[in-house]
Amino acid sequence: MKKDRTSLTLPAFLVVTILLFAACVKDTCKRVYKIYTPVYTKLTDLRAQVQSKAAAAVTNTGKLYIRGNWIFLNEINKGIHVIDNSNPSHPVKVSFINIPGNIDMYVKGDILYADLYCDLLAADITDPKNIRVAKYLTNTFPDKSRYSTAVDPDSINIITDWKVKDTAVDCSTAPRINDCINCSIYLAAPANSSTAAVSAGMAGSMARFAAVDNYMYAVTSSVLNVIDISSASNPWLVKKQDIGWDIETIFPYNKKLYIGAGSSMSVYDLQDPVNPTQQSFSGHWCSGDPVVADDNYAYVTLHEANVCNSKVNQLEIYNLAIPGSPALVKTYPLTNPHGLSKDGNLLFICDSGLKIYDVSNVAAIKLVKYIPSENTYDVITANGIAYLVTKDGLYQYDYSDLQDIKLLSKLLK
């Protein structure tokens with residue numbers, strides 16, 4: 001019986017010991033936080049880095065622009081690869097245009113427009129190995145300079161990097177979230193630096209730049225910039241127009257702008273090109289949202305977004321028959337779609353590879369081809385060639401015969 005009593009009292013002893021230990025731990029409680037300290041660079045110093053360099057390896061692909069026999073491929077936050085595509089089976093990297101903070105681009109004639117953090121630059125690329133900056137439009141994208149209103153590049157400081165440091169803080173003085181000491185918190189958080197010949201230029205569906213006639217339209221997260229490019233080398237900012245929030249992409253078609261946002265797809269009419277007018281608004285659950293359109297329909301891919309914990313992955317097709325009132329025709333489930341492109345009755349979607357659909361009947365689209373690939377981002381189609389951007393490079397496919405699609409070339413990391 002004594003043995004039994006000992007076995008009964010032992011757990012109680014352990015409980016007391018654990019409670020005492022817990023109290024001790026509580027008294028010496030520490031929380032570890034990541035502190036992010038911004039690294040600033042003067043805009044003047046960043047501009048000084050804009051120049052042509054020797055062709056470089058493709059390492060972190062971004063957006064794509066096609067014009068004539070030339071391909072312009074963004075290297076995220078670093079610049080633009082200029083590629084001679086006279087022979088799609090053997091594209092040749094000609095040069096790399098170093099542009100810090102670059103994400104988007106557009107080309108008119110021999111003038112390249114590109115973002116340099118908060119600036120829009122216009123550069124003469126007649127000789128892509130020796131480009132010349134013609135003009136800067138200062139602070140066109142102020143959300144990239146912490147919404148500064150300054151125009152003197154010497155007075156504008158851009159966050160170009162972050163130093164990360166772990167710091168232990170006593171629980172008694174640690175920051176609280178709703179009185180919860182043990183809830184995770186960052187004392188400061190890094191921003192997302194966010195980021196055959198084609199006779200007319202073409203951008204992908206993930207683009208934030210678009211042009212119609214003599215005007216270029218460039219979106220930020222909440223503003224539509226209207227820029228006069230009638231004199232290509234001397235662009236000037238006509239106006240800034242508030243258009244909502246969480247804006248992601250812009251697609252021009254038939255004197256209209258289709259603007260994709262995290263929670264909507266809007267259509268703006270360009271009858272007056274200086275004053276785009278919202279013609280319609282279609283809301284959807286928080287997701288990534290590129291869009292393309294034709295005469296009758298708008299095609300929108302939604303992909304899951306971490307910012308709002310959305311798990312939506314689908315294609316939405318809207319009927320545009322009634323101006324100002326697009327009607328949702330049907331929704332199709334997808335895996336994790338991103339950019340898309342349309343050629344005739346074919347719809348190309350980056351969705352864990354490249355999926356090609358016959359959309360001649362939008363109420364019952366058919367998958368006609370699937371090309372497996374990892375991390376597909378955007379696609380442009382023209383004259384039977386699909387230009388596919390993935391995280392490991394740029395692929396070109398000849399799809400003139402859907403029964404025998406051929407890989408023409410690939411530029412890899």
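**Strands, rings and buried residues**

Student: Which residue in E10 stands opposite Ala 122?
Tutor: In E10, Ala 122 faces Lys 135. Keep in mind that this is a predicted model.

Student: What makes E9 and E10 count as paired strands?
Tutor: Pairing takes at least two bridges between the strands. Strand E9 (residues 119-124) and E10 have five bridges, in the antiparallel sense. Five clears that cut-off, so the two are paired.

Student: Why are E7 and E10 called edge strands?
Tutor: Look at the whole sheet: it is open, has four strands in the order E7-E8-E9-E10, and its pairing is antiparallel. Strand E7 (105-108) and strand E10 (132-137) each have a single partner strand, so one side of each lacks a neighbour in the sheet. On average, neighbouring strands here are turned by 25° against each other, direction ignored.

Student: And what is the strand order in the sheet that holds E29?
Tutor: That one is also an open sheet of four strands, ordered E29-E30-E31-E32 with antiparallel pairing. Its edges are strand E29 (376-382) and strand E32 (406-412), each pairing on one side only. The average turn between neighbouring strands of this sheet is 15°, again with direction ignored.

Student: How do you know that E29 really pairs with E30?
Tutor: Count the bridges: six of them join E29 to strand E30 (residues 385-390), and the two run antiparallel. Since at least two are needed, six is enough, so they pair. For one contact, take Ala 382, whose bridge partner in E30 is Ile 385.

Student: Let's turn to rings. Why is the pair of Tyr 65 and Tyr 106 called edge-to-face?
Tutor: The model has seven aromatic pairs in total, and this is one of them. The ring centres are 5.4 Å apart, which is within 6.5 Å, and the planes stand at 80°, which is over 60, so edge-to-face is the right label. Tyr 65 belongs to strand E3 (residues 61-68) and Tyr 106 to strand E7, so the pair ties together parts 41 residues apart in sequence.

Student: What makes Tyr 65 and Tyr 106 buried?
Tutor: The limit is under 20% relative accessible area. Tyr 65 has 2% and Tyr 106 has 14%, so both fall in the buried class.

Student: Why is Tyr 106 with Tyr 113 called stacked or edge-to-face?
Tutor: Stacked: there are 20° between the planes, and stacked needs under 30 degrees. The centres are 6.1 Å apart, within the 6.5 Å limit, so the rings do pair. Tyr 113 is buried, like Tyr 106. Through ring pairs, Tyr 65, Tyr 106 and Tyr 113 form a cluster.

Student: Which charged residue lies over the face of Tyr 136?
Tutor: Arg 47 does, at 4.2 Å from the ring centre. The limit is 6 Å, so the distance fits. Lys 391 lies over the face of Tyr 377 in the same manner, 5.8 Å from the ring centre.

Student: How many disulfides does the structure hold?
Tutor: Zero. As for individual cysteines, Cys 118 has 0% relative accessibility and counts as buried, and Cys 350 is buried with 0% too.

Student: What makes Tyr 33 buried?
Tutor: Tyr 33 is at 1% relative accessibility, under the 20% limit, so it counts as buried. Tyr 33 sits in strand E1 (residues 30-42). The C-alpha atoms of Tyr 33 and Thr 167 are 5.3 Å apart, though the two residues are 134 residues apart along the chain.

Notes
Residues numbered from 1 in each chain as written. Predicted model: local features only at pLDDT ≥ 70, side-chain atom pairs only at ≥ 80, totals over all residues. Heavy atoms only, no water. Axes fitted to C-alpha atoms, helices over the stretch in contact; angles between N-to-C directions. Phe/Tyr/Trp six-rings, centres within 6.5 Å; stacked < 30°, edge-to-face > 60°. Buried < 20%, exposed > 50% of the residue type's maximum accessible area, 1.4 Å probe, protein only. Lys NZ or Arg CZ within 6 Å of the ring centre and 35° of its normal. Disulfide = S-S within 2.5 Å.
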